[in-house]
Each structure stands twice: as structure tokens, then as C-alpha cells.
Amino acid sequence: GTSIYGANILDASWDNPGADIPLHIQRIGAALMRRNGVHCRNIICRSELWQNIIKNDNVATIAGSANQSFQTFEQEVGKNPDGSPMMVHVGTIAACPGWKFYINDDGRELGIPNSETWSYDIEDGHALFLPDPNPNLFQMLLGSEPIVERDGGPVSVKSGFAAWNNMVSNQSSYESFILDNALPVPFVPGCWCYADCVF
């Protein structure tokens, strides 16, 4: 769309080695500051887009011909809420000091049972630009709903994340249920942007 610069901020696709990715990133940061007074310093993207970034001519030129185009690239240490290892990588580039790139290829199966399709959290060629975490800008709000854990059982209200098992017969087994009543709420929606970087 049209930006504060009078034209599209991304004037060239990021799969073009000659695209001025550092300038694009700085302009997005400036636009978000002008629009909402926030410092945008985080970019979430898929690994293919990260490869476009670190192979970009302008990114490499700023880093210097004797250096690699990225400064850091490491796996985020930690675990997901379910205990599985966190599979997010974090990178930085010399061309945009102070910005962090979170490279994430996570996704999930969505749709009706037996007809699900895989959907990535971040679409191909897209990136999400965000300020640092701040509860005044964005929070995960919890909801609740009444549930019955087993046939004939009592009704109870579950808030946020809940899990339970129900034993069934013929064949004896457990049915496992997981419920997560939560909704990410941006209090200031204009403090982030989701950009189509490869077009």
C-alpha cells in the first residue's frame, strides 16, 4: 500500500538480490514510529525469506566483502508450553543493527477432521514486523467455557488452557482433550505490520 513515503515501502521483491532490504526495513521502522510512536525491532519470517535476506547484495555490501552477511544465527534456548523444544532461530545482520530476525517454520493442520491442510504461521514470502513485547501494546487474553469431561459428569468452567482424559470401553482406551480459550489482542493494531516481501 501507499506509505508515508508516497509510494510502496517495498519497491522491489526480496527474492531480487538487488532489492534494498536494509532501506526497506529502516523505512518500515520509521513508518511505524511516525504512525504510533513505537520502535519496531523484531521481524518474524520463514527460513526461505531469511535466506533471501542474507544472500541480498545490499546486506552483504554493508557487512563487508570479507564478512558473512549475518552477525548471529542461533537457536532460541527454551521449551514450548507443551514441553517440546523451541525450534525458533534468531538472527541479526550488520546492515540493520538493533533488529532481531526470528526464523520460524512452525505451522499446524487446520480444517475439519480427515480434511486438514497444513498452514504455516507465517505465509511464504511474508514477514511480521513488531515492537519489543509490551503489555500496553499486546496481550494474550483468556476466556472460559463450560465443559463436561465425561458423559453424565458435572459441568465445570475451564479458563485458558485445560486438558483432561476420558476412559472409554470397547477397546479400553483414553480419549484426550485439550482446550485453550485464549485470544491474542493487539491494543494498538497499527504498531505492527505484516508485509508481503516476495511478490
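A residue counts as buried when its relative accessible area is under 20%. Trp164 has 12% and is therefore buried. The structure discussed here is a predicted model.

**Aromatic pairs**

A pair of aromatic rings is described by the distance of the centres and the angle of the planes. With rings pairing if their centres lie within 6.5 Å, the count comes to six aromatic pairs. Two of them are listed below; both have planes under 30 degrees apart and so count as stacked.

| Pair | Centre to centre | Angle between planes |
|---|---|---|
| Trp50 and Phe73 | 5.8 Å | 15° |
| Trp164 and Phe177 | 5.6 Å | 15° |

The pair of Trp50 and Phe73 links distant parts of the chain, with the two positions 23 residues apart in numbering. Trp50 belongs to helix H2 (residues 47–54), and Phe73 to strand S2 (residues 70–75). Trp50 is buried because its relative accessible area is 2%, whereas Phe73, at 39%, is partly exposed.

The pair of Trp164 and Phe177 joins two strands: Trp164 lies in S10 (residues 155–168) and Phe177 in S11 (residues 173–186), so parts 13 residues apart in sequence are tied together. Trp164 is the buried partner described at the start, at 12%, while Phe177 is partly exposed, with a relative accessibility of 33%.

**Other ring contacts**

Trp14, Trp99 and Phe129 make up one aromatic cluster. A charged group also meets a ring: the charged end of Arg46 sits over the ring of Tyr120, at 3.5 Å from the ring centre.

Note on methods. Residues numbered from 1 in each chain as written. Predicted model: local features only at pLDDT ≥ 70, side-chain atom pairs only at ≥ 80, totals over all residues. Heavy atoms only, no water. Phe/Tyr/Trp six-rings, centres within 6.5 Å; stacked < 30°, edge-to-face > 60°. Helix = DSSP H or I, 4+ residues; strand = E, 2+ residues; numbered from the N terminus. Buried < 20%, exposed > 50% of the residue type's maximum accessible area, 1.4 Å probe, protein only. Lys NZ or Arg CZ within 6 Å of the ring centre and 35° of its normal.
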